[in-house]
Amino acid sequence: MMGMLDSFRSSAWIYLTPVAAACAPIGVLRTYFNQHLRRPVRRFLPFLDPFVTIDIAAKPEDHSCSYYNSKAKSSDAYAEVLAYLSVVCSRDARQLRAEGADEGHGFVLSLREGQEVADEFRGVTMWWSAVVEDKASHRSTGRCCRLTFHEKHRRLVVDEYLPHVRRTGQDVTVGNRPRRLYTNKNNRDYGSPRDEVWSYINFDHPTTFDTLAMDPDEKQSIMDDLDDFRNNKDYYRRIGRAWKRGYLLHGPPGTGKSTMIAAMANYLNYDIYDIELTTLHSNYDLRKLFIETKSKSIVVIEDIDCSLDLSGHRATMMPPTQDDELDDVASERKRRRGSMLTLSGLLNFIDGLWSAHSGERIIVFTTNHLDKLDPALIRRGRMDKHIEMSYCRFEAFRTLAENYLEVDEHPLFDAIKELLQVVDITPADVAECIMMSKRAARDADACLGSLVHELKKKLEDKEERKKVEEHDAKMATDEKLASENGKKHNAEEDAAAKPNGREAMANGVSESSSCSEEDC
């Protein structure tokens, strides 16, 4: 009897299940599936469908905190995937979506919904597709990129392929956007976490190493050093050093130190952060500026010998006020506040714990007076490579002649070469001489002739100064000899006068003795 009852129940359930499924609310069926059927189905799913999908969704628009939203946007994985697909996979797609880049004038190509493209990584094929993600609230939709791959390649995809996609996307994003020139804002409250401390403009400097007036061998050495730095992230990590490098550019004014920085930025495709130290009040301000910089950048402090007192005084770097006896309380408070920026803080900025922030960063100092800087500031490990920006010599002149006059050979080159070996002239002066001559006469002969005339004039001035210096030196030597001879003559006269003095004293004593005897 019980067996018949169980059979009846089973038969009834078979017939009633479709009716119940049709009549029951969808929520009840979903709950029943999650509680009783999901686990058994998932056990058999890999046998039926061995492919895994990963959705990388776009972040929702949120303008409630624009400062932090902009920082998060710069590292948005969805944007990086789009950049990667626009370069690697979009050529195989037939239906594309074009969106204006966040920066610059270019476009970012992405897949249209429903499109699918294949990508290969280390012999493994994966598929990307663009889908629309349905939100649980059913009130909005968001786009996402879906990656599909075989289950057996899970570790390869998670550990190697996705990081590769992000790195490539970041490089593409940085390469497509315009480079920027940043400078720290004056009179800002650096203690405020939401305060943007940098202002910027687009950096569009035309200088490259090809147009830089410098010895070709020295230029090649600098470019090789920059390549070694840029391509050796793993090496820096293996040896336990922060991924940064310091360059010290020193030389007379007008020798191209700022131009060298522009050439380095264009060569590496890096942004430039120009720090004005005189606007900072403490080590904290300097650290705040530093942590707000990004990787792939050049941090520049120009004319560091003029910005602060770095000649060895480690206690106080800021120069004192001109009138230390001012009664103005505000001026005194400003002076005391300024004295908080120390050489120790600057050294920590270069190679302290904070120097490892973000990585892939170059620090450049420029100075006209190398001897004025504290040796601790410019030692190797802080300023790793010292580059002397010297006067214009013939190889540098050839670059200027090719840039300004479009000539690489000329009969006057021999005369110019001989003059440049004995005349000190900066590349800026040579370039200005050529430009002024070219405005007056478009002929290269006239321009080079004017340069020869200028060099001969400087040579004459140099020889005249040399004669004056030799004459002054001779006069100083003669005066010194005369002074020494005078001192020697006076010493001889004094020595000769001393015996006469003794005889006079002796005679005086004898006379006094005789007088005393007569008195007796």
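**Surroundings of helix 8 and its crossing with helix 6**

In this predicted model, the elements that cover the buried residues of helix 8 include helix 6 (216-230) together with strand 9 (244-250), strand 10 (271-274), strand 11 (297-301) and strand 12 (361-367). Helix 8 is mostly covered, with nine of its twelve residues buried. These buried residues are K257, M260, I261, A262, A263, M264, A265, N266 and L268.

The length of helix 8 was compared with the expected value. The helix comprises residues 257-268, and at 1.5 Å a residue its twelve residues should span 16 Å; the C-alpha atoms at its ends lie 17 Å apart, which agrees with that expectation. Just after helix 8, N269 adopts a positive phi of about 65°.

The relation between helix 6 and helix 8 was then examined. Two packed helices are described by the distance between their axes and by the angle between those axes. The axes of helix 6 and helix 8 come within 11 Å and cross at roughly 45°. Helix 6 is therefore oblique to helix 8, because an angle that is neither under 35 degrees, nor over 145, nor from 65 to 115 counts as oblique. The crossing in which helix 6 passes helix 8 is right-handed.

At this contact, helix 6 contributes I222, M223, L226, D227 and R230, which meet M260, M264, Y267 and L268 in helix 8. The residues of the contact divide into seven nonpolar and two charged, with no polar residue. Of the helix 8 residues that meet helix 6, M260, M264 and L268 are among the buried residues of helix 8.

Terms used: Residues numbered from 1 in each chain as written. Predicted model: local features only at pLDDT ≥ 70, side-chain atom pairs only at ≥ 80, totals over all residues. Heavy atoms only, no water. Helix = DSSP H or I, 4+ residues; strand = E, 2+ residues; numbered from the N terminus. Expected span 1.5 Å × (residues − 1). Buried < 20%, exposed > 50% of the residue type's maximum accessible area, 1.4 Å probe, protein only. Contact = heavy atoms within 4.5 Å. Axes fitted to C-alpha atoms, helices over the stretch in contact; angles between N-to-C directions. Left-handed = near helix turned anticlockwise from the far one by under 90°. Nonpolar A, V, L, I, M, F, W, Y, C, P; charged D, E, K, R; others polar.
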